[in-house]
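Thanks for coming, everyone. Today I'd like to walk you through one protein chain and the aromatic rings inside it.

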Amino acid sequence: MLSKRWLAMTLTIIFILAVLGGCASADNENDQGESESGGNASGIMLAGEEPPEVSGTVKSIESEDEIIITVNGVDKVYRLSEDAKNQLKDSVIEEGTKVTFTVYTIGDDKETIGEFTSE
């Protein structure tokens, strides 16, 4: 009789520890995910925040939808928003021009230029 109670108690304790261990593991995964997806310069921002400004030099205008800009020594391909396209048509932004612009993302890896803020 004593051994059945001991076995039942041991199995109950092991089950409770397994459940608690699984919960702790899920909490750690959530903490890591939140820290990785916080607002950063890649265009992810919270509602109400201003879009980040980036400065660089125009390397080339690839098409009417994309432009390559050298930022901190790295060539990056940016997508152009409608506002940025209109600014390119209206102003004199050529290869070699230093520009400052705002960026955002629309759910993929490529950043989109919202508008050029200064030249």
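I'll begin with the overall layout and then move to the rings.

First, some housekeeping: this is a predicted model, where local features need pLDDT of at least 70, side-chain atom pairs count only at pLDDT 80 or more, and totals for chains, interfaces and linings use all residues. Residues are numbered from 1 along each chain as its sequence is written, and side-chain values use heavy atoms, with hydrogens and water left out.

The protein chain has two helices and five strands, which are DSSP runs numbered from the N terminus (helices: H or I, at least four residues; strands: E, at least two). Along the sequence, they come in the pattern α-β-β-β-α-β-β. Of the 119 residues, 23% count as buried; buried means under 20% relative accessible area, exposed over 50%, and partly exposed in between, with a 1.4 Å probe and protein chains only.

Now, the rings. How many aromatic pairs does the structure hold? There are two. Rings of Phe, Tyr and Trp (its six-membered ring) pair if their centres lie within 6.5 Å; planes under 30 degrees apart count as stacked, over 60 as edge-to-face and the rest as tilted.

One pair is Tyr78 with Phe101, edge-to-face at 5.1 Å centre to centre, with 75 degrees between the planes. Tyr78 sits in strand β3 (residues 74-80) and Phe101 in strand β4 (residues 98-105), so this pair ties together parts 23 residues apart in sequence.

Phe101 also pairs with Phe116, again edge-to-face, at 6.1 Å centre to centre and 65 degrees between the planes. Phe116 belongs to strand β5 (residues 111-118) and Phe101 to β4, so here the tie is between parts 15 residues apart in sequence. Together, Tyr78, Phe101 and Phe116 form one aromatic cluster.

Are these rings buried or exposed? Tyr78 and Phe101 are both buried. Phe116 counts as buried too, because its relative accessibility is 6%.

Let's widen the view. The largest nonpolar core has 15 residues, and Tyr78, Phe101 and Phe116 are among those with the most contacts inside it, along with Ile67, Ile69 and Ile113. By nonpolar core I mean buried Ala, Val, Leu, Ile, Met, Phe, Trp, Tyr and Cys residues joined through side-chain atoms within 4.5 Å. β1 (53-61), β2 (66-71), β3, α2 (82-90), β4 and β5 each supply at least two residues of this core.

Lastly, leaving aside residues up to four places away in sequence, Phe116 touches several others (contact means heavy atoms within 4.5 Å), including Ile67, Ile69, Leu80 and Leu88.
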